[in-house]
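I opened this entry to record how the chains touch one another and how one sheet is built. My notes follow the structure below.

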Amino acid sequence: MLVFLLRRLMQSGVVLLVMSLLVFVGVYAIGNPVDILINPESDQAEIDRTMAALGLDKPFWLQYLIFLRQALGGDFGNSFVHGTSAMQLIIHRMPATLELAVAALLIAVLLGIPLGLWAGLRPESRSGRAIMGLSILGFSLPTFWVGLMLIMLFSVQLGWLPSNGRGTVTEVMGFPASFLTWDGLKHLLMPAFNLALFKISLVIRLTRAGTQEALLQDYVRFARAKGLSSARIVGVHVLKNILIPIVTVIGLEFGSLIAFAVVTESIFAWPGMGKLLIESINLLDRPVVVAYLLTVVSLFVLINFVVDILYSLLDPRIRLQNQAN
Amino acid sequence: MKKILEVFSHSRIEQVALLVLVLLVLGALAAPFISPQNPYDLAQLNIQDGRLPPGSTASLSEGVQRYWLGSDDQGRDMFSAILYGLRISLTVGVSSTLLALVFGLSLGLLAGYFGGRLDTLIMRLADIQLSFPAILIALVLLAVLGQGVGKIITALFAVQWAYYARTTRSAALVERRKEYIEAARLLGLSTPRILFRHLLPNCLPPVIVVAALQVAAAISLEATLSFLGIGLPITEPSLGLLISNGFQYLLVGMYWISFFPGIALVLLIVSINLVADRLRDVLNPRLQKQ
Amino acid sequence: MNMSVQPPILDVRNLQTHFFTSKGVARAVDDVSFSLQAGEILGLVGESGSGKSMTGLSILGLVDAPGEIVGGQILFKGEDLLTMAPERLRSLRGNRMAMIFQDPMMTLNPVLRIDTQMIETLQAHQDISRAAGNDRALEVLGEVGIPSPAERLRAYPHQFSGGMRQRVAIAIALLNRPDLIIADEPTTALDVTIQSQILALVQTLCRERQTSLIWITHDLSVVAGLADRVAVMYAGKIVESGAVEATLNHPLHPYTQGLLGAIPALHERGRPLHLIPGNTPSLVNLPAGCAFADRCPHVHAACAVSPPVFVADEPGQRHTVSCWLRHLAPDAAPQ
């Protein structure tokens, strides 16, 4: 187990290093670093000072090491626009994005698993086919377009749901959250559903395929021979078996939810870090962009790492093998 | 041609998809000839015709008698704008896919044929890249590169190449063990000749299917990025940019400026997906025999 | 012993289970009839594809699409299983009649603990607390010879060997003290030494509590030591059935003779084994006559017409065979 952990940890480290190099090369080497990193409104003296401070006169590899050291300390410089630490800005916006992503994940699971089970149990039925048709649409329709259609229908035409912002927020353990107030919930519903759309389709497919495969297994036949009710067979015997791969995939998808939140946050004016990224790109606020990219990449690597460990904890077969070793 | 129609004769939905796709592509190609107005010639626009709902009669704009799909805030005929937007969306999607196809295919062939360190290096790179969502990769690149047609093509290229490399490699791994490659080697043919004349054609079918699906994904991603304002510049109004322009008006009930380009985009993406799906069945040799 | 007076536990009459495939209708079980008394052990013998497993599954109502029971009656203690409400059938399954499957590696759910899988079987049929269920599970695990059952109850299936898993499956079948157990080749996937242990275990347990048993196997030698009666299936039909002694000592059907000839005998070393030529026929589009005709050493013009069942009663026991030879030369049974 320890060997496994260490190896995964090292792999994660390598991926992080590669990504940091990519961002570094992109921001520092391809563009003119002076343009990118120094406020265009500063005078020559300030430019020289900043260049010296950033070490742009030093050789390339040394610059990268300095960048790396500062990045490890969470120091990406100050935002040109807001004047405060770029990392602080990201951290400030992160709870909103996380709330949105978690809500989307919940929706994907709560809708996707029952629908997938249904379609898996009745693959030939009209309802089963309809569910699969919807999941194909969910895969191929551009998320932002569906978001627009949702706004058009529920905000503009029907006036049921608000189209932007987080609504009333309350503090939960020091973080602002929308889901505890009715108003906040109404604001959360549509963006979360929009973000979840792709994942719902994914969960439906996984669950359906898993169910169909599980139904052919001998243990299901044996469970029927034991006289168990179909509710127990599907709800315990089948579900518990297919849940392991589904949980793994859903866990891995959490990172991509955060990445895709960029789109949803922009449509629904959700004040998360994705919206901040787009604003920063448009305003050429490079320190914030760099801070965002490296934060999300780190989150990604962290999630992959945690899911790997979770997977080995979830499956009794793997779990006990590890104990034995 | 007859064969193509035969292939599509099984399913009504796929027939419709093929028809829609052909119409959209023809419309995009013929945009300058069939659109009532050149939407980017400012002389042809009249600001007084701005934001007219679908079906309105034109007052002053040249060429346009009636705005069947309404007009945008500049008095631009939406139907014309959509035809021109389709041109741009298709150009960006197809060209980035072709570039990535050539690059990924070559790397995949090399990796599959030679194996060893080269294979490990290429595939590791592809694996790392594929573990991140496409949109994140594109965001990194666009944040670094800035806006522009060339830049978004670069970003879409970077997002796609790994799919082709991986698909080609797995096909090449299977093919290189077959006798005809051995025979070609014994004949003393040069390595490039073996790679491109013998190995390549046999690895092509699965890659073509992936590419067909990827065109739709690339168009969708470009539209998304342009909608966010970080894709194409305002001078190259793709469908995504048109939708983005109409977004503020959608909130106040003037739906058509966003809605119709959106419908065009969705029709394009869904029809490509359906046709690509059919293509997969046709090119799959295992299914073909049945 | 006068068993014929009591009503049978199980009475299968003209059972027909068909598979509706794209290639045609496969008659997996074609007009099968037999009955079973309380405490009786029946060996159901045949090659793979003969319909013996499907007969067992039909009795428990576990035939999956595209299979379907299209005709006949299955009377279990006088009640027809084929016409009763699904809920009633479920309440009998795993309760009054239980089944053990071939591969113990596959029949236990890999992600559920043994105690869960045992207690749910009890709770599906009786109002019983977890604690009481746990006690009953412990008791039965002990009966099937699982060492330190209290500890093993908390384990997952993959922590058991194949033989131990099959014991657990048997324990699950025994939990509700059923009147009938159907065992579908439960020893085929196991090592030879474990096979005989399991065989002895099931035999003892069934004899002790007068449980009827249908033992489905392809191996006649297993049946010889275990069963009271034997029924031989070929291509969906029972071709011969009777008391074990009589049937194995004086087989009437050429197929049964062929099966017996294929068993290596310990005392006759060097005797050539008689293999039955050819393969089991496809169940789709079976020829009109006897399905065994093209593999039969005694094939005859009459075999183009499907043979009826002939009764060749021997003292005290019914012995039936479905072969024209019996009719054409009733006294000269071939060697």
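I counted two strands as paired if DSSP finds at least two bridges between them. The model I consulted is a predicted one.

Entry 1, the sheet of chain C. I looked up strand S1 (residues 10-21) and strand S4 (residues 67-76) of chain C, and found them paired in the antiparallel sense over eight bridges. Within that region I traced C:Gln16 to its bridge partner in S4(C), which is C:Gly71. I then followed the whole open sheet: four strands of chain C, ordered S2-S1-S4-S5, with antiparallel pairing. I noted strand S2 (24-36) and strand S5 (79-80) of chain C as the edge strands, each pairing on one side only. I also located helix H1 (residues 52-60) of chain C, which lies across S1, S2 and S4 of chain C and runs at about 70° to S2(C).

Entry 2, chain A against chain B. I found that this contact draws 32 residues from chain A and 31 residues from chain B. On the chain A side, H1(A) gives the most, with seven residues. I sorted the residues of that side by class and obtained 24 nonpolar, eight polar and no charged.

Entry 3, chain A against chain C. Here I recorded 18 residues from chain A and 26 residues from chain C. Helix H9 (218-225), H10 and helix H13 (316-324) of chain A each supply at least two residues of the chain A side. H9(A) gives the most to that side, with six residues. By class, I listed six nonpolar, five polar and seven charged residues on the side of chain A that touches chain C.

Conventions
Residues are numbered from 1 along each chain as its sequence is written. Chains are lettered from A and ligands numbered from 1 in the order in which they are written. This is a predicted model: local features need pLDDT of at least 70, side-chain atom pairs count only at pLDDT 80 or more; totals for chains, interfaces and linings use all residues. Two residues are in contact if their C-beta atoms, placed from the backbone, lie within 7 Å. Axes are lines fitted to C-alpha atoms, for helices over the stretch in contact, and angles run from 0 to 180 degrees between N-to-C directions. Ala, Val, Leu, Ile, Met, Phe, Trp, Tyr, Cys and Pro count as nonpolar, Asp, Glu, Lys and Arg as charged, and the others, Gly among them, as polar.
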